[in-house]
Each structure stands twice: as structure tokens, then as C-alpha cells.
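Here is a set of questions and answers for work at the bench. Please look over the sequence and the fold before reading on.

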Amino acid sequence: MTKYKNGEIWSRNEEINANNGVILGVDGGATSTSCVCMPVFRFETENCDTLPVLSRVASGCSNHNSVGEAEARDVLEQVIDEALSEARVTRDAVRAVCLAISGVNHPNDQERILNWLRKMFSGVVKLYVYNDAVAALASGTMGKLHGCVLISGTGSISYGISEDGMEARAGGGGPVLGDWGSGYGIAAQALTAVLKAHDGRGPETMLTDSILHTLGLSSPDELIGWTYADPSWARIAALVPAVVSCAEVGDETANKILLEAVEDLAACVKSVVQRLHLCGEDKSDTFPVVLVGGVLEANKKWDISNRLIGCIRREFPGAYPIRPKVEPAVGAALLACNLLARDSSEGNGVHS
């Protein structure tokens, strides 16, 4: 048997009875896709050290807006089949699947994915399709859907759900429509700042030397060719650590970029909180804000997430941050387990 402990898979010499079937949780982002296979079980504790995970596999991007529908489908089918294979079960053992994928922004997106899933699994399997923000929220609330989540990795999005089931989201439009506050948005502004400094349109910045050193380039003139040789979102977003490092040693341009990112991310959260009335009438009710993504990881000096929570709490003092103890794919699996227990055996689940 394998178990999930503090973000890792660890082994234990114990057999598990999967006769009751298994559930699959899939988290697909703009950078990578993960799938976990777990047995159907009743989860009544928030102790993540006791979660049984039969297998976990990972692959590349499954956002159809980034890689195209065919490649996204191939990646999803690959991680599902590999997870089942490693768990030593077949598709017939599956009782529920929760796919939480970036790029699922409309009922048409859901229906397209559901149609594909229905070809993979029998009609008795419960199928749930969400945006990846839902899995991120569930990873912080251990499979419960209440509160707000903010994702800032390659892309960014804020999503929330109220106790009565109302949903709202803000951001998540991708780089073309302005994912400012995301890794891509931060890095793109940094690249722009370097070019402006180089041609005299902007102030000198430490970002120039830092980014050129990171990329192994000798001149800002080479940045244009580097960028368009492979303008993938994750490749650009990988420059965020260089921006943070420059801000930590006092570079004004890098500092301004990060401050604007904090404001943009806080605005996304505030929009969701206000529309769902998570804060109550007097704006003092408590509610969780789950923080997910590489941009929100703690840094030595310039801690984006701490500044972000401070910005949110100035308006909503009841907001409290949660850093998930399990990965989003496990959150998706826990959510599938909860929904499977709740739903009747009639039809498939369709969720936005």
C-alpha cells in the first residue's frame, strides 16, 4: 500500500482491499498534469498523513488552449491509464473521476471533456469536470467546497464557492487577456522592463544582468529571439525567481512589478469574496483563502503571499490563509469521494 504524507508518496508494507473500487483525481495546469488513484473510502478526518494513495503519475500540460485539444486529451488519457496501471487495477474498477483542468472555463469545455471521458468509462462511473482552481481549493479544504482559492503559478485565477453553492471566479483569462499577477505576467513585465531600459524608454534595472545571466545571453537584443523561439507560458514564467531576487536586493523596477502583482492578485480575491458575500454583511466573517502556486511560495525577504494576505485583510479581516498539505490532484480525488457519497447513482456529474 502507498500512503500520502506531507506532499509525498511513501510506502508501507500493507495490502489494501480495492474491491470497493477506486477514484481518480486529476489536476491539469498550464505546466504539468498529475493523476492520483485512491480507493473509495470514507474520509472523516483532516489528518492528511492517513490518506491512502495507490498511485501517482505526472505528465505535461493538458490545457487545450495552450497545447491544442488533441495533445491535451493524449496527456489526460496517458496519466489516467498509467495511474491505473501502477495501482494494478483496470478501468472497470473506477467508480468516480474528478478532472480539474486549466482552460475549462465554459459549459462547452466541460461537455467536450465529458464526451471524451464517457468513451473511456462505463455509464455507472461518476464524472466530474472542473477548472483546476476547484482542485486547488479542495486541496486546502480537504475535499470540501467552501471558501476562496487563489492560484498563481504559470497562470493565475481566483475561485470561490459559498455555503449555499454559489460560485464565482476572477482572472484566469490567460496571458493574452491579462493574467497579471501570474508567473507569466510577472516575467513578461520583467522582460519588457529590460528591453525598455536597453533602448532608453525606461530606467536601468538589475533585471537586465539577472535575466541575461539566467538565460545565458549576452545582450538584451537577444531577448526578442529567445522569447519568440518558444513563447510557451511556462518557459516565460520560469523567470520569476530572477525578478524576486532583484526585488530582494532593492531593485526598484522589480519591486514595482511585484507590488503590482500583489495588487492584481488581491483584486481577484476581493472580487470573488464580495460577489459571494463570504465576508458577511459587516465584512468580518471568517473564510479560508487557499494559496496555491509557485509564485505564492514563501521567499526569504520579498514574500508575495504575506503581502497579499495583508492587502486582503485590510478590507476583509476575517480572511485566513491556508497552505495545502496535499497536492491539488489529491484534493480532486477527495472531492470526487465526497461527491460520490453525496450523489445518487443516476447519470454523470457535470460541474462548473
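The questions below concern a predicted model and go through its sheets, helix packing, cores and two single residues.

Q: Which strands stand at the edges of the open sheet with the order 6-4-3-7-8?
A: This sheet has five strands and mixed pairing. An edge strand has a single partner strand, so one side of it is left without a neighbour in the sheet. The strands that fit are strand 6 (55-59) and strand 8 (126-130).

Q: What is the bridge partner of I23 in strand 7?
A: Strand 3 (residues 22-28) pairs with strand 7 (residues 94-101). The pairing is parallel and runs over seven bridges. In strand 7, I23 has as its partner A96.

Q: What angle does the direction of helix 12 make with that of strand 3?
A: Helix 12 packs on the sheet that has the order 6-4-3-7-8. It touches strand 3, strand 4 (33-39), strand 7 and strand 8. Its direction and that of strand 3 make an angle of about 135 degrees.

Q: How is helix 4 oriented to helix 12: roughly parallel or roughly perpendicular?
A: Helix 4 covers residues 132-141 and helix 12 covers residues 328-342. Their axes are 7 Å apart, and the packing angle is about 85 degrees. Angles of 65 to 115 degrees count as roughly perpendicular. Helix 4 is therefore, relative to helix 12, roughly perpendicular.

Q: How many charged residues are in the contact of helix 4 with helix 12?
A: Helix 4 contributes V134, A135, A136, A138 and S139. Helix 12 contributes P328, G331, A332 and L335. By class, seven are nonpolar and two are polar. The count of charged residues is no more than none: there are no charged residues.

Q: Is V134 buried or exposed?
A: V134 sits in helix 4. It touches L145, Y159 and L335, leaving aside residues up to four places away in sequence. Its relative accessible area is 1%, and the cut-off for burial is under 20%. V134 is therefore buried.

Q: Which strands stand at the edges of the open sheet with the order 11-10-9-12-13?
A: This sheet also has five strands, with mixed pairing. Its twist averages 20 degrees from one strand to the next. An edge strand pairs on one side only. Those strands are strand 11 (167-171) and strand 13 (319-322).

Q: Which residue in strand 13 does F287 stand opposite?
A: Strand 12 (residues 287-292) and strand 13 are paired in the parallel sense. They share four bridges. Opposite F287 stands A319.

Q: Which strands does helix 11 touch?
A: Helix 11 (residues 304-313) packs on the sheet. Its direction makes about 160 degrees with that of strand 13. The strands it touches are strand 9 (147-152), strand 12 and strand 13.

Q: Which helix gives the most to the largest nonpolar core?
A: The largest nonpolar core has 54 residues. L207, I211 and L308 have the most contacts inside it. One helix supplies twelve residues: helix 10 (residues 252-276).

Q: What is the relative accessible area of T253?
A: T253 lies in helix 10. Not counting residues up to four places away in sequence, it touches A193, P203, E204, T205 and L207. T253 is buried, and its relative accessible area is 16%.

Note on methods: Residues numbered from 1 in each chain as written. Predicted model: local features only at pLDDT ≥ 70, side-chain atom pairs only at ≥ 80, totals over all residues. Heavy atoms only, no water. Pairing = 2+ DSSP bridges. Helix = DSSP H or I, 4+ residues; strand = E, 2+ residues; numbered from the N terminus. Axes fitted to C-alpha atoms, helices over the stretch in contact; angles between N-to-C directions. Contact = heavy atoms within 4.5 Å. Core = buried A, V, L, I, M, F, W, Y, C linked by side-chain atoms within 4.5 Å. Buried < 20%, exposed > 50% of the residue type's maximum accessible area, 1.4 Å probe, protein only. Parallel < 35°, antiparallel > 145°, perpendicular 65-115°, else oblique. Nonpolar A, V, L, I, M, F, W, Y, C, P; charged D, E, K, R; others polar.
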